Amino acid sequence: LIWTTHTAALARKARQCLYHLRQLRKFRVSLRILQCFYSAAVESILSGNITIWFGNCSAQGKKALQRVVRSAERSMRTTLAPPCRTYTPGGADPEPARSWGTPTTPATD
């Protein structure tokens, strides 16, 4: 499978949301509200099913997605996490989660 059309559509959809982000910035809303809007509108588009398609995405597609994030950073005047940061190969957590009741040291008699 080639994911270029999918990543191009995602980048286009995310860039459309950046217009609203710039309008909010123009109205001088707080950084907290800008971050909430970015998280809800732009980041949710970029991270939707990212574990499925990001590993097979071309370098050009990854670059287009990174341009969207950089554009949002400039609009918000802050730094944001790149889309690849939320992706882990194979969809597995890098470190398995432990439950609260699991002891970390073996029990001794």
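Glu73 is found in helix 4 of this predicted model, and this residue makes a good starting point for a first look. Glu73 is buried yet takes part in no salt bridge. Arg70 carries the nearest side chain of opposite charge, and that side chain is 6.2 Å away, whereas a salt bridge calls for a nitrogen within 4 Å of a carboxyl oxygen. Once neighbours within four places in sequence are left aside, Glu73 is in contact with Thr78, Thr79 and Leu80.

The helix that holds Glu73 deserves a look of its own. Helix 4 covers residues 59-76, 18 residues in total. From its first C-alpha to its last it reaches 26 Å, close to the 26 Å expected at 1.5 Å a residue. Glu73 has company among the buried residues of helix 4, which include Gly61, Ala64, Leu65, Val68, Val69, Ala72 and Met76. In an α-helix, residues three or four places apart point the same way, because there are 3.6 residues a turn. The cover over the buried residues of helix 4 includes helix 1 (4-26), helix 2 (31-47) and helix 3 (50-53). Just after helix 4 comes Arg77, with a positive phi near 60 degrees.

Stepping back to the whole protein, the model has 4 helices and 0 strands, running α-α-α-α from the N terminus on. Of its 109 residues, 28% count as buried. Among contacts with a separation of 6 or more, 67% join residues 24 or more positions apart. The protein exposes about 7900 Å², and carbon and sulfur atoms supply 54% of that area.

Notes. Residues numbered from 1 in each chain as written. Predicted model: local features only at pLDDT ≥ 70, side-chain atom pairs only at ≥ 80, totals over all residues. Heavy atoms only, no water. Helix = DSSP H or I, 4+ residues; strand = E, 2+ residues; numbered from the N terminus. Buried < 20%, exposed > 50% of the residue type's maximum accessible area, 1.4 Å probe, protein only. Contact = heavy atoms within 4.5 Å. Areas by Shrake-Rupley, 256 points an atom, 1.4 Å probe, with all protein chains shown as cover. Expected span 1.5 Å × (residues − 1). Lys, Arg positive; Asp, Glu negative; His and termini not counted.
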